[in-house]
Protein chains: 2
Amino acid sequence: MRIAVLGTGPVGRTLAARFAAVGHQVVIDTRDVAATLAQTGPDAWGDSPFPVWLDEHPDLELHDFTNAAAAAELIVNATNGAASLSALAQAGAGNLAGKVLVDVSNPLDFSGGMPPTLFTKETDSLGEQIQRAFPAAKVVKTLNTMTAAVQADPGQLAGGDHTVFVSGDDPGAKAVVTDLLTSLGHTDVIDLGDITTARGVEMYLPLWLRVWGALGTPIFNIKVVR
Amino acid sequence: MRIAVLGTGPVGRTLAARFAAVGHQVVIDTRDVAATLAQTGPDAWGDSPFPVWLDEHPDLELHDFTNAAAAAELIVNATNGAASLSALAQAGAGNLAGKVLVDVSNPLDFSGGMPPTLFTKETDSLGEQIQRAFPAAKVVKTLNTMTAAVQADPGQLAGGDHTVFVSGDDPGAKAVVTDLLTSLGHTDVIDLGDITTARGVEMYLPLWLRVWGALGTPIFNIKVVR
């Protein structure tokens with residue numbers, strides 16, 4: 001599948017590399033290609049500068065949001081939640097129309113310090129905001145309940161015996177995403193229902209953050225035992 | 001241990017019966033004993049009238065909140081979240097002082113219909129409200145992340161191989177509660193930290209409600225796989 005991953009942070013990098021490793025044609029995308037390729041210091045997360053990382057991943061190309069979305073069959077929003085709507089606007093509503101748009105972002109607001117709060121919750125979700133802004137896209141919320149390394153390679157943790165959720169209005173799009181998740185090694189995909197159920201997985205983040213604090217590592221996930 | 005369980009709804013009934021079954025001296029408590037004993041129809045959850053249930057549990061006594069709290073070593077708040085502060089006020093701050101107060105309630109607001117919303121979240125939690133209102137009590141938030149039947153008898157589900165959280169400011173109280181949870185069959189207790197971490201477990205409820213919807217049963221729980 002031709003996949004465009006929007007976002008060059010840890011989530012975008014990790015997912016893009018993994019999608020390529022399991023055989024997809026992947027483009028990683030940024031707002032301003034020249035600016036991203038001019039980075040010389042570590043990024044905001046302390047990771048290596050993007051050009052260094054890109055050199056280490058010769059199977060990946062860097063494009064801007066618009067070109068990448070136009071060429072892709074499936075688009076992954078791995079941008080910062082606060083920037084997601086503007087990034088997707090730059091990708092272009094026409095380029096998203098009719099396509100599966102996988103939203104893995106979280107509506108985190110760091111303005112008040114740690115732990116972050118949610119800039120939308122309970123009566124709305126970032127997944128719904130994206131679906132409303134791009135009504136012709138088939139938005140599927142998923143993967144936001146775990147750290148990037150576990151999203152991309154769930155088999156590293158208990159052989160993949162833990163749960164990932166999907167939320168979205170289009171059953172066909174959820175089936176495509178379920179196949180994609182399975183290709184990464186996810187073994188337990190729970191379909192929560194329509195895109196409003198994104199409120200549930202986004203509001204899980206405050207618990208996720210505190211479990212991270214208690215365990216001292218983000219390499220964990222939940223299994224729905226039933 | 002002498003345990004007072006505040007609340008005669010499904011959670012209070014289920015926990016009280018189970019505490020007694022594993023060997024504790026248990027009193028189940030209500031605001032108005034005469035009114036509770038006068039119930040003749042099914043309760044709000046469709047369960048049998050309280051007097052019928054009580055007849056089936058001859059090892060349990062019914063007391064009012066005040067007398068029960070005075071005699072107990074450990075108190076469990078299993079009242080409706082919206083009524084918890086007033087129920088505990090009736091139990092009496094003096095009767096709660098120095099004791100472990102296990103809070104299993106959730107700040108659910110049903111006024112807008114289903115699914116319920118949370119009447120406090122993110123910048124506060126019901127667990128913290130209770131701790132602030134009764135500063136001499138040792139509040140431990142726990143068990144609110146699963147349905148009553150699983151709270152009380154976790155072994156019925158995957159042999160108990162799933163997770164329960166504790167949040168509270170007093171390490172000794174959390175140790176007492178961890179022992180109590182273990183006596184019920186819980187095998188994986190994660191200490192999230194101080195009482196502010198109750199925000200995490202309370203904000204999990206919107207996801208819990210949607211997983212219930214997706215599975216069609218509340219008999220599930222999450223395991224933190226790490």
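Okay, so first a ground rule: two strands pair if DSSP finds at least two bridges between them. Helices (H or I, at least four residues) and strands (E, at least two) are DSSP runs, numbered from the N terminus.

Now, this is a predicted model: local features need pLDDT of at least 70, side-chain atom pairs count only at pLDDT 80 or more, and totals for chains, interfaces and linings use all residues. Residues count from 1 along each chain as its sequence is written, while chains are lettered from A and ligands numbered from 1 in the order in which they are written.

Let's start inside chain A. There's an open sheet of eight strands there, with mixed pairing, in the order S3-S2-S1-S4-S5-S8-S9-S10. S3 (61-64) and S10 (188-193) of chain A sit at the edges with a single partner strand each, so one side of each has no neighbour in the sheet. From one strand to the next, the twist averages 30 degrees (axes are lines fitted to C-alpha atoms, and angles run from 0 to 180 degrees between N-to-C directions). At the S3 edge, S2(A), residues 25-30, runs parallel to S3(A), joined by four bridges, and A:Val27 is opposite A:Glu61.

On to the two chains together. Which residues touch? The contact takes 33 residues from chain B and 33 from chain A, where contact means C-beta atoms, placed from the backbone, within 7 Å. On the chain B side, H11(B) gives the most, with eight residues. And S11 (221-225) of chain A pairs antiparallel with S11(B) over five bridges; there, A:Val225 faces B:Asn221.

Technical notes
Two residues are in contact if their C-beta atoms, placed from the backbone, lie within 7 Å.
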